[in-house]
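Here is a short tour of the model, written to be read with the structure open beside you. Take your time and turn the view as you go.

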Protein chains: 2
Amino acid sequence: MQIKILQNVLKANDAKAAEVRALLQQKKICMLNLISSPGAGKTTLLEKSLPLLTKKYRVAVIEGDVETARDAERLEGYNVPIALINTSGACHLESVSIEKAFSVLDLDNLDLIFVENVGNLVCPAEFDIGEDAKVALLSTPEGDDKPSKYPLLFREAKLAILNKIDLMPYVGFNKDNFYADLAKLNASLPVIEMSCQNGTGMDKWLDWLGEMISKKIHHS
Amino acid sequence: MQIKILQNVLKANDAKAAEVRALLQQKKICMLNLISSPGAGKTTLLEKSLPLLTKKYRVAVIEGDVETARDAERLEGYNVPIALINTSGACHLESVSIEKAFSVLDLDNLDLIFVENVGNLVCPAEFDIGEDAKVALLSTPEGDDKPSKYPLLFREAKLAILNKIDLMPYVGFNKDNFYADLAKLNASLPVIEMSCQNGTGMDKWLDWLGEMISKKIHHS
């Protein structure tokens, strides 16, 4: 009974995700789904990226949070439209929430939408929200064993960001183990080593984003 | 429909949790439910605590992991019984899993059971597994804003551990904000500042554990 209902929920989510994806295709908007543990640096990455991206692209952010408007508030002042979704305890975003968020965004004037998912390395990876790519963030203090322990996200992602690379000397992160595990899960997954504190990796991240946006515009 | 089923699931979980709790009461075993984000330091805390605790108490560990036996393997050699539960993708432990784990533990020869829940700051807090206390771990690199953003765990917990206090100088963690937010959520929640690297807080943790175990034995 429980399993049947869960399948129905996933099916309904997938159907709505297909609608979201078709709409984004029509509007030539690239949408990226940022997923990580709490505190891995999703919001800080956006704070560093938005000033650079808005010179060239029309960007919006959909903020998913269990409670509070804190992340959305951190992004005020970057001059981008923000749609906040409070999940009221739920551990992930679903496609129906994205559709609701679209109602407050002007889709005729956007090139790129970041979805900052709920901080959770497990559940958000299970739900298609119509995105072009899931981007997995892992921060070095979480440990090199996390891809193997939480494999679904790293199998589903089209990009992994190894964040807080500046903390590497203090946290005993073994890069060889990390890359070996990742190769077993998803051999073609590109990885960008990043520090939002000192700017490491920001150029590669902007290049990757540029390619994603360009692909979307030309394939649409 | 979905909500009704979820309520049924929670009810079934609560009923089984009550059975687990009654059994632990009868056997005079204290059971603690360790909950945190991935990589906050649950397994390392156990690695540091077990050699000290096993001098005085009969201890077992129930390890909950989405996939792999890595955490259980890390605890081999500490000479405690370990029951590993792979959740096959599920984001939290439920009371029925604890009952299953009990089948491989000798409950007549235990004083203390640690349950290391799936690394997830959201879902595990929703499920009573029959524990005496939920222990919330937060590590400083995750940021001082996490209690407010993920409030349920910090409302439910009977102890919070602020871990990786040795990384404080590198990660911009604001202790005043952390304690002010926590006071709003759960004013009576004790907090232990800890570093498993340099031993800070270990004495307070052992004192707290000793009290919990002693209470259980004398009230049973």
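A disulfide here is a pair of cysteine sulfur atoms within 2.5 Å. By that rule the structure holds 0 disulfides over all chains. Before going on, a word on the ground rules. This is a predicted model, in which local features need pLDDT of at least 70 and side-chain atom pairs count only at pLDDT 80 or more, while totals for chains, interfaces and linings use all residues. Residues are numbered from 1 along each chain as its sequence is written, chains are lettered from A and ligands numbered from 1 in the order in which they are written, and side-chain values use heavy atoms, with hydrogens and water left out.

**Two cysteines**

Buried means under 20% relative accessible area, exposed over 50%, and partly exposed in between (1.4 Å probe, protein chains only). Why do Cys123(A) and Cys91(B) not form a bond? Their sulfurs are 3.5 Å apart, which is too far, although Cys91(B) holds the closest cysteine sulfur to that of Cys123(A). Cys123(A) is buried, with a relative accessible area of 4%. The sulfur of Cys196(B) has its closest cysteine sulfur 19 Å away, in Cys30(B), again too far for a bond. Cys196(B) is buried too, at a relative accessible area of 7%.

**The two chains**

Copies are superposed by least squares on the C-alpha atoms of residues with pLDDT of at least 70 in both. Chain A lands on chain B after a rotation of 180° with 0.0 Å of shift along its axis (RMSD 0.0 Å). The two copies are therefore related as by a two-fold rotation axis. The same surface serves both copies, since 100% of the contact residues of chain A recur in chain B; contact means heavy atoms within 4.5 Å.

**The sheet**

Helices (H or I, at least four residues) and strands (E, at least two) are DSSP runs, numbered from the N terminus, and two strands pair if DSSP finds at least two bridges between them. In chain B, 7 strands form an open sheet with parallel pairing, in the order β3-β2-β4-β1-β5-β6-β7. At its edges stand β3 (82–86) and β7 (191–193) of chain B, each with a single partner strand, so one side of each is left without a neighbour in the sheet. From one strand to the next the twist averages 20°.

Helix α8 (residues 175–185) of chain B packs on the sheet and touches β5 (133–139), β6 (159–163) and β7 of chain B, its direction making about 160° with that of β7(B). Axes are lines fitted to C-alpha atoms, for helices over the stretch in contact, and angles run from 0 to 180 degrees between N-to-C directions.

Some bridge partners to find on screen:

| Residue | Bridge partner |
|---|---|
| Val59(B) | Leu112(B), in β4(B) |
| Ser139(B) | Asn163(B), in β6(B) |
| Ile161(B) | Ile192(B), in β7(B) |
| Ile62(A) | Ala83(A), in β3(A) |

How are the faces of β6(B) covered? Leu159(B), Ile161(B) and Asn163(B) on one side and Ala160(B) and Leu162(B) on the other are all buried. Strand β3 (residues 82–86) of chain A alternates: Ala83(A) and Ile85(A) point to one face and are buried, while Ile82(A), Leu84(A) and Asn86(A) point to the other and are not.

**A helix with a buried face**

In helix α4 (residues 95–102) of chain B, the buried residues include Ser95(B), Ile98(B) and Phe102(B). Viewed down the axis of α4(B), its buried residues fall within an arc of 155°, so they line one face of the helix; the arc is that of the directions from the helix axis to the C-beta atoms.
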